[in-house]
Structures are given as structure tokens and as C-alpha cells.
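User: Hi! Could you walk me through this one? I'd like to begin with a single residue and then zoom out.
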Amino acid sequence: KCTHNIALAMLLNGNNEGAASNLECAPASAAVNYLQAVVGARTGNDNMVFNNLKKAIQADAKYRAEAQIDREFLKYFNNADFQNAIK
């Protein structure tokens, strides 16, 4: 099955590729988009980070505040594309 929780477990166990694959077929939600952004950050896929953060925030504004303090995005904090994504 493809679910947010299974993907999160994979990600926490260091299986970035498995998490990404699982998230692709998981039911769409803000949480799924946010976790896809985290996978993007861990794999160095900037477009994945920015596109999925935008989607997550559009679906649920609470992710704006979360992204601003999430250490997963530390290297993006001063990036203009990141700042645009979390507007």
C-alpha cells in the first residue's frame, strides 16, 4: 500500500528512494506534499522541495510555519526560491 505513514517509516530508516516511490502513489494530501519536499531536501532535488512545499502550503497553511523552522530545509532558509515557495 502507498500511504504517508509507510513513506515516513521508510524515510526515517534512510530509504529515500522507497519513500519517494511510496509517496508518488499515496493519496494526495498536504502531508504527502510536505513529506515529498523533505525527500527532495534529503536527495538534493531542489525542484521537488519548492514545488511540493508550495502544494503543501496551498492545501494547508500550517505547513508555512513548519517549513520555516524545519531543520530538513536548513540549507534552503536563505534561498530565494525557498522563500517564494513558503510565501
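User: Great, thanks. Which side chain of opposite charge is nearest to Asp 70, and how far away is it?
Analyst: That would be Arg 71, at 7.6 Å. Asp 70 is buried yet has no salt bridge. One thing to keep in mind is that this is a predicted model.

User: Good to know. Where is Asp 70 found?
Analyst: Asp 70 is in the loop between helix H5 (62-69) and helix H6 (80-85).

User: And what does Asp 70 touch, skipping residues up to four places away in sequence?
Analyst: Tyr 34, Val 38 and Phe 77.

User: OK, charges overall. How many positive and negative side chains are there?
Analyst: There are 9 positive and 8 negative side chains in the protein. The centres of those two sets lie 4 Å apart.

User: Let's switch to Gln 36. Buried or exposed?
Analyst: Buried: Gln 36 has a relative accessible area of 12%, and the cut-off for buried is under 20%. Gln 36 belongs to helix H3, residues 30-43.

User: What is Gln 36 in contact with, leaving aside neighbours within four places in sequence?
Analyst: Its contacts are Leu 23, Glu 24, Met 48 and Asn 52.

User: How about Asn 22, is that buried or exposed?
Analyst: Asn 22 counts as buried, because its relative accessibility is 7% and buried means under 20%. You'll find Asn 22 in helix H2, which covers residues 16-25.

User: Which residues are in contact with Asn 22, again without the neighbours within four places?
Analyst: Lys 1, Cys 2, Thr 3, Ile 6, Ala 7 and Met 10.

User: And what separates the C-alpha atoms of Asn 22 and Val 38?
Analyst: They are 14 Å apart in space, and 16 residues apart along the chain. Val 38 came up earlier too, as one of the residues that Asp 70 touches.

User: Now the big picture. How many helices and strands?
Analyst: Six helices and zero strands, so to speak α-α-α-α-α-α from the N terminus on.

User: What is the radius of gyration, and what would a compact globule have?
Analyst: The protein has 12 Å, which agrees with the value near 12 Å for a compact globule of 87 residues. Along the principal axes, the C-alpha atoms fill a box of roughly 35 × 25 × 20 Å.

User: Last bit: what share is buried, and what about the surface?
Analyst: Of the 87 residues, 40% count as buried. The protein exposes about 5000 Å², and carbon and sulfur atoms supply 47% of that area.

Notes. Residues are numbered from 1 along each chain as its sequence is written. This is a predicted model: local features need pLDDT of at least 70, side-chain atom pairs count only at pLDDT 80 or more; totals for chains, interfaces and linings use all residues. Side-chain values use heavy atoms; hydrogens and water are left out. Helices (H or I, at least four residues) and strands (E, at least two) are DSSP runs, numbered from the N terminus. The radius of gyration is taken over C-alpha atoms; the globule rule is 2.2 Å times the number of residues to the power 0.38. Buried means under 20% relative accessible area, exposed over 50%, partly exposed in between (1.4 Å probe, protein chains only). Accessible areas come from the Shrake-Rupley method with a 1.4 Å probe; for residues, only the protein chains shown count as cover. Lys and Arg count as positive and Asp and Glu as negative; His and the chain ends are not counted. The place of a charge is taken as NZ of Lys, CZ of Arg, CG of Asp or CD of Glu. A salt bridge is a side-chain nitrogen of Lys or Arg within 4 Å of a carboxyl oxygen of Asp or Glu. Contact means heavy atoms within 4.5 Å.
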